Amino acid sequence: MQLDDLLERIKAAHDDHVPLRIRGAGSKDFYGGMLAGEVFDVAPYAGILAYEPTELYITARCGTRLAEIEAELAGKGQMLAFEPPHFGAATLGGCIAAGLSGPRRMAAGGVRDFVLGAKLIDGTGQVLDFGGQVMKNVAGYDVSRLLAGSLGTLGLIAEATLKVLPRPVAEQTLCFDFDAAESIAKLNEWGGRPLPISASFWFANCLYLRLSGAQAAVDAAIRALAQAGGKPIAAVDAAKHWISVREQTHPAFAAATLWRCALPSTAPLSSDDSLQAIEWGGALRWYADAPDGLRSEAAVSGGHAVLYRAAESKRCLDGAFAPLSPALLALHRRLKKSFDPKGILNPGRLYAEF
Amino acid sequence: MTLSDSVFTTDRAALATRLKMILPAHCLLTEDEDLRPYECDGLTAYRELPMAVCLPESEVQVIDVLRTCHQMGVPVVARGAGTGLSGGAMPHAQGVVLSMARFNKILQVDRSARTAVVQPGVRNLAVSEAAAPFGLYYAPDPSSQIACTLGGNVAENSGGVHCLKYGLTVHNVLRVRVVSIEGEVFEIGSAAPDAPGYDLLALIIGSEGMLGVVTEVTVKLVPKPELAQVVMASFDEVARAGDAVAAIIAAGIIPAGLEMMDKPATAAVEPYVKAGYDLDAAAILLCESDGTPEEVAEEISRVTAVLTAAGARDIRVSQSEAERLRFWAGRKAAFPAVGRITPDYYCMDGTIPRKRLAEMLAAIAAMESKYQLRCANVFHAGDGNLHPLIMYDAAKPGEWARAEAFGAEILELSVALGGSITGEHGVGIEKINQMCVQYSAPALDAFRRIKAAFDDKGLLNPGKAIPSLHRCAEYGCMHVHRGDLKFPELERF
């Protein structure tokens, strides 16, 4: 598949007013609002275009599988530091469009923090290049990062450049017997100390804490945290554990209806027994069959709640994402219109209104 | 350079009357002698007197000023401390300067959440000072951090020595409160790790005051490392120093700072700061490591080994905090030091892939003879962000024009080498023509549509950052994609 094939399809859809549902591997079909339009399979547009380990970037086509990218990076001791979930065969385009990050997010940053550039095909079939391959580029509006989490509503992310980082030399996971409230308190306390924490996960009164970095830094942190009761976990088990968290195959994510709450890490904990897991230093909390008022409670705390996994009918009825203020919604509509004037790209996937 | 892109005709008397109705006398300047201090920012080569300067003290006043300007069709240029280097805060002759200098309060420092809520007129360094008692600091550290404000940092997506490891402003700001030109207030981002909808935070940061006026910023604070140490290495060839930078990254090390100075730069600063630089070296590298003492010791030994293998002629490791600061003093004082040896200098700001460093420096050397001007180079080697300092004498006829052309050629070469026309100073008025070189016509058009989505009358900082189609055509660099020219019926050139 060539770039021209992609833009011809979008041009035709634009001319004929046909909604398109952009799809890579389909690993995140469960996520977001309505799935509307003709399936536009972009997975065949794949392949790594450039990888410069000493420049810390990789450029690839949207259909390139994350697994392929990560294997290439591993060969040079590097990684995608935001640890994106694969959910099977996730592709680069879908990874950026969904904007989901994994366990390392609080330490390293999220998808948007690693997007350096993108080749976008807008809703009229024009090719637009934004950003580039260098670390620092402040020329023009930062559209590449805006695309992270836009769920394909602003255009097809045909190619993208991501910043990559070296893999840490040493890693060790500790486990603490803490309840949820204690975990949140400790994570906020530790977060203010220069400890090499690269991930945290609370489930069933156990707090897992991953330390990554130079061997000396990890060793020093283990000594510092020993008095808090951290027990080391075998490397093989720890690796499996973090993959199960990243891929959400861990039992904590098993509920049929799953809510994702992003909050300030210090937000008070509502003592609800539907709380399943806590990630990201206390800032990401997962609930099954949310208690009433979860969305407004999250908003009061300064965060938001996503109806992450549920029947499509429920997602369409309640909205997958927290509603926007009228002023922000109007702005979103104008932005959407500026990239996709006829509203043909993934309509309703982010918000029912556009 | 004038802002010919946008034509506005403002009735000065009517504007003053309206502004007097919404601002107390001490918040409004309208007399020419009072306006004079605002005629330029850090890029003093371009000056313009505005019609009025507003110094609001509350968000309500900001809203009122913007609403008034929107109703009257008057351009507005927001301004922080005016330390910007690309003319981003240069006033518009028909417009108002909205100085946010009085929004200078740190509203909250939350030790547990590791965040600070500040007003846009707060100085960058003041945030770290307020966080210091908790063992925290604000990581982005532009060289002007003692004076520059957070609002300006947000507008320009500022970086600094530490951004290789800790990121730019865009990586360290969690939330901003913004007033639109129509006087509507938006909350963008949040204290949570993400927010619903589009990542407007990414769009606002670095938008050079063209999308809205920031009235409040929530920033992320990070733990202060226990220790920092610097390795100073000197090289006989610039290319070797460039290769050493790549070798450090290839070894899996992301230093806290990785800076380079060429011989003309060290020659300029050494008599000024006496940092102990190797004056015979073609280039010196400063590589900082931070973290726990164990971590720093490990990293320093690895860096030293890499630098030795890369052919460093001399390596020194700072043995005390005083020595670390002395090693940095030269790099930090490079600008004033160059200012002592030349009547004027023009600081450029381009980014290139690191591997093209030697090529770029050779090209700059050739440009020195072509334009008959000297140039010293200091740069953020770790992320390929160059700051060539072109020396000239404004009093000599033709020298400024040559310096400007020299700078433009460096920027255009940066793009040709796969980089960007600006790494941290912004486009402003200075590099607006080169935007036509870096971006295609359709991408520039997308920028204009984004601008219109926020500011349909084009009143916020007009003529900056995003060039008009007309301007690109005039500059003679309009990029035409496959002959697909927008508005082909228009006459050009």
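**Entry 1: a contact between the chains**

I began with the pair B:D199 and A:R112, which form a salt bridge whose closest N and O atoms are 2.7 Å apart. For a salt bridge I required a side-chain nitrogen of Lys or Arg within 4 Å of a carboxyl oxygen of Asp or Glu. Before going on I noted that this is a predicted model, in which local features need pLDDT of at least 70 and side-chain atom pairs count only at pLDDT 80 or more, while totals for chains, interfaces and linings use all residues. I also noted that residues are numbered from 1 along each chain as its sequence is written, that chains are lettered from A and ligands numbered from 1 in the order in which they are written, and that side-chain values use heavy atoms, with hydrogens and water left out.

**Entry 2: the interface**

Across the interface of chain A and chain B I found seven salt bridges by this rule. I then looked up which part of chain A gives the largest share of the side that touches chain B, and found that helix α12 (residues 326-339) of chain A contributes nine residues. Helices (H or I, at least four residues) and strands (E, at least two) are taken here as DSSP runs, numbered from the N terminus.

With contact meaning heavy atoms within 4.5 Å, 74 residues of chain A are in contact with 81 residues of chain B. The two chains bury about 6,200 Å² between them, and 60% of that lies on carbon and sulfur atoms; buried area is the accessible area (1.4 Å probe) that two parts lose on being put together, summed over both. On the side of chain A, the residues A:K136, A:V138 and A:Y141 supply 16% of the area buried against chain B, more than any other three residues.

**Entry 3: disulfides**

How many disulfides are there over all chains? I counted two, taking a disulfide as a pair of cysteine sulfur atoms within 2.5 Å.

One of them joins A:C175 and A:C206, with the sulfur atoms 2.3 Å apart. This pair links distant parts of the chain, since A:C175 is in strand β10 (residues 170-176) and A:C206 in strand β12 (residues 206-213) of chain A, 31 residues apart. I checked A:C175 for exposure and found it buried at a relative accessible area of 10%, and A:C206 is likewise buried at 10%; buried means under 20% relative accessible area, exposed over 50%, and partly exposed in between (1.4 Å probe, protein chains only).

In chain B, a disulfide joins B:C436 to B:C472, with an S to S distance of 2.1 Å. The link of B:C436 and B:C472 is left-handed, with -85 degrees about the S-S bond. It connects helix α16 (residues 432-438), which holds B:C436, with helix α18 (residues 469-475), which holds B:C472, and the two cysteines are 36 residues apart. Both B:C436 and B:C472 are buried.

I also looked at a cysteine outside these pairs: A:C62 is in no disulfide, and the nearest cysteine sulfur, that of A:C95, is 12 Å away. A:C62 is nevertheless buried, with a relative accessible area of 3%.

**Entry 4: salt bridges within chain B**

Over all chains the count comes to 43 salt bridges. I opened B:R324, which pairs with B:E288 at 2.7 Å between the closest N and O atoms. These two lie in distant parts of the chain, B:R324 in helix α12 (residues 321-332) and B:E288 in strand β14 (residues 283-291) of chain B, 36 residues apart. Buried or exposed, where do B:R324 and B:E288 stand? Both are buried. I noted a network as well, in which salt bridges that share partners join B:E59, B:R175, B:R177, B:E187 and B:E216.

Within that group, B:E187 and B:R175 form a salt bridge with closest N and O atoms 2.7 Å apart. Because B:E187 lies in strand β9 (residues 185-189) and B:R175 in strand β8 (residues 173-179) of chain B, the pair ties together parts that are 12 residues apart in sequence. B:E187 is partly exposed at 33% relative accessible area, whereas B:R175 is buried at 12%.

**Entry 5: an enclosed strand**

Why is strand β15 (residues 275-279) of chain A largely enclosed by the rest of the structure? Five of its five residues are buried, so I recorded the strand as largely enclosed. Strands pair if DSSP finds at least two bridges between them. Strand β11 (residues 197-203) of chain A runs antiparallel to β15(A) and is joined to it by two bridges, with A:W202 partnered by A:I278. Four bridges join β15(A) to the antiparallel strand β16 (residues 284-288) of chain A, where A:E279 stands opposite A:L284. Finally, I saw that β15(A) and β16(A) form a hairpin with four residues between them, and that A:W280 in the turn has a positive phi of about 50 degrees.
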